[in-house]
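Hi,

Here is the structure I promised to pass on. Have a look at it first, and then read my notes below.

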Amino acid sequence: MEQTKLAAVDSRLLSHSIVNRVFVTIGVYLIAIVLVVLGIVLQLAGAINNFLTAQNMLNIIDAVSMLGIVAVGMAFVTYSGHYADLSVPTTMAMTGIVAVEMLKFGFVVAVLSALAVGFVVGLINAIAVGKFRANPIIWTLAVNYMSLGVIRLVWVNKQIYPDMTASTVRASEMFDAIFRLRFFDKIALPVVMMIILVIVLQFVMRRTKFGVQLKMTGAARTPARFSGINVELMIAIAFIICALTATVGGLAVTSLNKVGAWYNGEGYEFKAVTAVVIGGVTLAGGRGSIIGVLGGVLVIGILNNILTLLGVGTFSQDMIRGAIFIIVVFVNARSLRKMGRDYE
Amino acid sequence: MNNQKRTRIGREKTLVFIDRNRIFLLFGVVFLFMAIFGPRFMTAYNLTTIMRTTAMNATAAIGFTMILIIAQLDLSIGTIITFAGVVGLGLKEYIGYGGSVPIAILAGCGIGLINGLLVTKAKISSFIVTLGMLTILQGAIYTITGGNSISLSSPDAFAVSDWLSTMMIPLITPRVIITLVLVAAFTVFLRFTRIGRNFYMVGGNRQTAWLAGINTDLYTIMTFVISGFTAAVGGVLFAMEGAAATLNLGDTSLMYVISAVIIGGTAMSGGKGGVLKSFFAILTLDVLYNGIILFGLGNEVKIFIAGIILAAVVLYEAYTRYKHDKIVGQRSELMKEVDQLKEKLRASRRKIAG
Amino acid sequence: MKRRTTVFFTLLLALALTGAVYAGGGGEATETETTAGGMSNLEKSLAVDTTGLKSEDGQPLIILQEKQREVPARPSDPDALPEDDPLHWWDIEFAGWNANKTNIPESPNDGAIGKRIVFIVHGDHPWTTACTLGAQKIADAYDMEFKPLSPNWDLAVQNQMIDQAINEQPDMILLIPLDAKTAPQQARKINQAGIPLILFNTLPSAAAMDYCITWTGPDDFGQFRMLSRVWADEMKRVHGTADVGVAYIQHAPGGSPYFARCWGPISELSGYASWVETLDKQAPMFEADKSMQLVSDWLTRFGDDLKGICAADDSAQALGIFEALEKAGRDDVVVIAAGNSKVGMDLVKEGKLFAITYQTAEGDGALAVQTAADWFNGKDIPPVKYLPKHIITKKDVEEFYPPQW
């Protein structure tokens, strides 16, 4: 779908106002701050209580840590102009169940085999989408189905338990600890992993040659190729990163559920895309940052928290979340357009 | 020399024919396989079951095919199906089917209209708009029903549903008739009318279509409305036949319809494909699944096969495009000239040496 | 040229299709495999003793219960009663006891050996894998032709499976309806086709009961009434009766467990322990991180007032609950749930989960098939048959290992 936009925008229509500029760069954090302020206002008005407590803030971060891990990887796929990787849920489930199965050889082997499987899935996606330019949404959807079929065929529709497959008690405890380990009794391991991933991947996206080349690939694939960038390699690495973060997320979810099953990770693909897009990584590719994605994840967490504290039912929450999703993307896109920077 | 050329062209033509009509051939193959090997497959009752099962998804696929043709996406069709079913059945107690069914269908059109407006006027990507709309609708469905599915309690409840499922002609029940009529109508519309063909232009190259004087925004909005319309029709008819509407009735339809439409030959890049092909794709998948149930195989087989077929189709398309891209821009006469020059060079070298 | 070939092609296929149908003929009835002579089949079948069979957890597969539940009289208008009155839920809880059986086929009374049964569950889940296993064990004991099908939570597929099953003309269909409200239409279809039907596991709405031979399954409401009393007693012991608030994590909306596992306790406690206050009920479905977030937010909202939680699921939901409780350092909250998965039993063993219901998955499937066999043997079948009830606590949880799922 490569169409060129009609030439020059009338510069008199552009608006480089402060609001637009700020919004485009760190827009999502603006939303997060607005939500926090809303929460404080509601608390002062007595509608909710205990919003601005350390425990509550910690709860929010805990709740979104696994989503954050998956979303920062998905961001690379979106950044490269390939919309989304819909095979993430089954990658999470498959790496999780492989890890549980391999616990009989010890914890380290289990984690390594999970990463290996994740890498293979990422590679399959990379070749089909990167080299053969298959449509990413449909291809990753097909991979999703195939992985699901494989899991269910190999493990005969059963689920397996880490404490039963583990070779030693220590191995099983370590697996449980993936989700449950807390530093200083407060900060969970998934949160730490998310923060580390955010820092590392932000660096990768902004400061490495790969990141810059990926940005060009996402923004304009053919010119990038003619500039000498190995476009296929860039896309391949993006999909592999996504699959690897899905592996880490999958290990966390499997550890939480204490069971290796084919349904772990269900729903994560759309949640991750939501977070990624709210965070400013546009679907057209080549724009956004990992810090933004972190902001997107936080926005979702704070929103959920406020709504639950207000007593809003789960399903009404869905409605509000869907509406906010559209609004955020709209405002983001509009600001970009007003500044003449939306080369879609 | 002429003979060679003729058979070569003949062979190419066959290949192109197979490629263009692969879904019909695939359908024939799958159907034949099931007919020969499937226990009790070739009974009127079983074949009617297949037709009745396809009705809902086939109707929704009509609209979705058009969406893909204009190179957009509509992820909300699953929830529109459910929404229409819920509204159609829920309001029946108050205003009868005569009132609730049109309202349900109008609701579907309305949702499609909102989608279309957001995509064209607010210029938000259709992926985002329909993803958000999906979430909103899901929440709405649960909120207005309070989490309860809807069923009809009045004694005449089953009357309509029975009528919808009686066999009028062999294999065809009223609900199937409605589906077939819609499929036929839209096939003719898209292929043989000027307005219909304009959809392909909008999808093929939006800028050029606009420059050619087609109101691309209007066509886009129309397509989303049609998509909402067909999804709503499919959903409300299904609910009427079952005399009940659950809250996740259309959940699996989205992925199923996407897979089927792609397998049928409509590409996400837009500008090609057809409603008839999508219909046969859904038929093929349903015959396949019917056969899987006949053989008593489990769902893992079904899911795996669905994935393999989809992957094969996607890879096949991608690979053909890849090969095509490799030779794009090559001019065969120039390449021949290069060959001739090389030959001349080699000949002159030989003369010098020998 | 392109247009013409495609149109021609389609017509050709359509012709082939129609021709093939007429060639294939109408629906065929197939023979059931019977052993030599009808009487010896019945004698053999009656001689089969399944009471010795065990499920994977070592418990007996079929537990014969002589005494079913006491069924109170139906109030004239249950909906008019308040929601915390047990009799408000009469139509859901006691569905089947006052059914108007219509057009039920007579038992052929020729034994169960070699009969063909189609076993349709509601979806894929390790629970249903265990349920199907239990059913298979009984079917094997009677040498039945057993065909299990699962629509994976898709109503359209379940309807298709029912249609295909009817097409096969089996000797009996066993069905877990996906949804209580859609069950009547499904049951009616099978009934009108003249095929015997047993519904099981989830309670359908009352209208469906008119069309089936019987319903077998767990007495969800009854178990949860028992469970809630145990719960109230424990909360009283730990907290006294002042300021005791509880919250409910519900099952998927609309199904019978949604009502049984939330409104069952609420309506029971309103009489038995009226000092318990219901603070909130939510349906976050079955993801641990959602339950974790929900309970954390409840603790933020209600603080110390939250003294008890009742969950509809003892695995993912329970795990989420305890993650949240441990984080907040609240080990005084009394938690009960519906069982019994391995994860749930582990939590009971660790002393976290106070009590769960024993709901044998294998026994569920087995009872349904056993009832089918009893019907083939000509025995009298009551309109509703319950699985045995039991509350598992730390004291006796060891007896239920290894877990069924």
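**Two helices in chain B**

I'll start with a helix pair. Ala260(B), Val261(B) and Ile263(B) of α12(B) meet Ser278(B), Ala281(B), Ile282(B) and Leu285(B) of α13(B). Sorted by class, that contact holds six nonpolar residues, one polar residue and no charged ones. For orientation while you scroll, α12 of chain B covers residues 253-263 and α13 of chain B covers residues 275-295. Their axes come within 8 Å and cross at roughly 115°, and the crossing of α12(B) past α13(B) is right-handed. Please keep in mind that this is a predicted model, so treat everything here as computed from it.

**The sheet in chain C**

Next, chain C. It has an open sheet of six strands with mixed pairing, in the order β7-β6-β8-β9-β10-β12. The edges are β7 (276-282) and β12 (391-393) of chain C; each has a single partner strand, so one side of each is left without a neighbour in the sheet. From one strand to the next, the twist averages 20°.

Inside the sheet, β8 (residues 306-311) and β9 (residues 334-337) of chain C pair in the parallel sense, over four bridges. If you want one spot to zoom in on, try Cys310(C): its bridge partner in β9(C) is Ile336(C). Helix α12 of chain C, residues 316-328, packs on this sheet and touches β6 (244-249), β8 and β9 of chain C. The direction of that helix makes about 160° with that of β8(C).

**Chain A, overall**

Chain A has 14 helices and two strands. Its C-alpha trace spans about 70 × 60 × 35 Å along the principal axes. A compact globule of 344 residues would have a radius of gyration near 20 Å, and chain A, with 21 Å, agrees with that. Of the 344 residues in chain A, 57% count as buried. Looking at contacts in chain A between residues at least 6 apart in sequence, 75% join residues at least 24 apart.

**Where A touches C**

How many residues does each chain bring to the contact between chain A and chain C? Chain A brings 23 residues and chain C brings 21 residues. On the chain A side, the elements giving two or more residues are α2 (54-79), α11 (231-257) and α13 (290-309). The most comes from α2(A), with five residues. By class, the chain A side divides into seven nonpolar, 14 polar and two charged residues.

Cheers

Technical notes. Residues are numbered from 1 along each chain as its sequence is written. Chains are lettered from A and ligands numbered from 1 in the order in which they are written. This is a predicted model: local features need pLDDT of at least 70, side-chain atom pairs count only at pLDDT 80 or more; totals for chains, interfaces and linings use all residues. Two strands pair if DSSP finds at least two bridges between them. Axes are lines fitted to C-alpha atoms, for helices over the stretch in contact, and angles run from 0 to 180 degrees between N-to-C directions. Two residues are in contact if their C-beta atoms, placed from the backbone, lie within 7 Å. A crossing is left-handed if the near helix is turned anticlockwise from the far one by less than a right angle, and right-handed if clockwise. Ala, Val, Leu, Ile, Met, Phe, Trp, Tyr, Cys and Pro count as nonpolar, Asp, Glu, Lys and Arg as charged, and the others, Gly among them, as polar. The radius of gyration is taken over C-alpha atoms; the globule rule is 2.2 Å times the number of residues to the power 0.38. A residue is buried if 20 or more other C-beta atoms lie within 10 Å of its own, exposed if 12 or fewer, and partly exposed in between; C-beta atoms are placed from the backbone.
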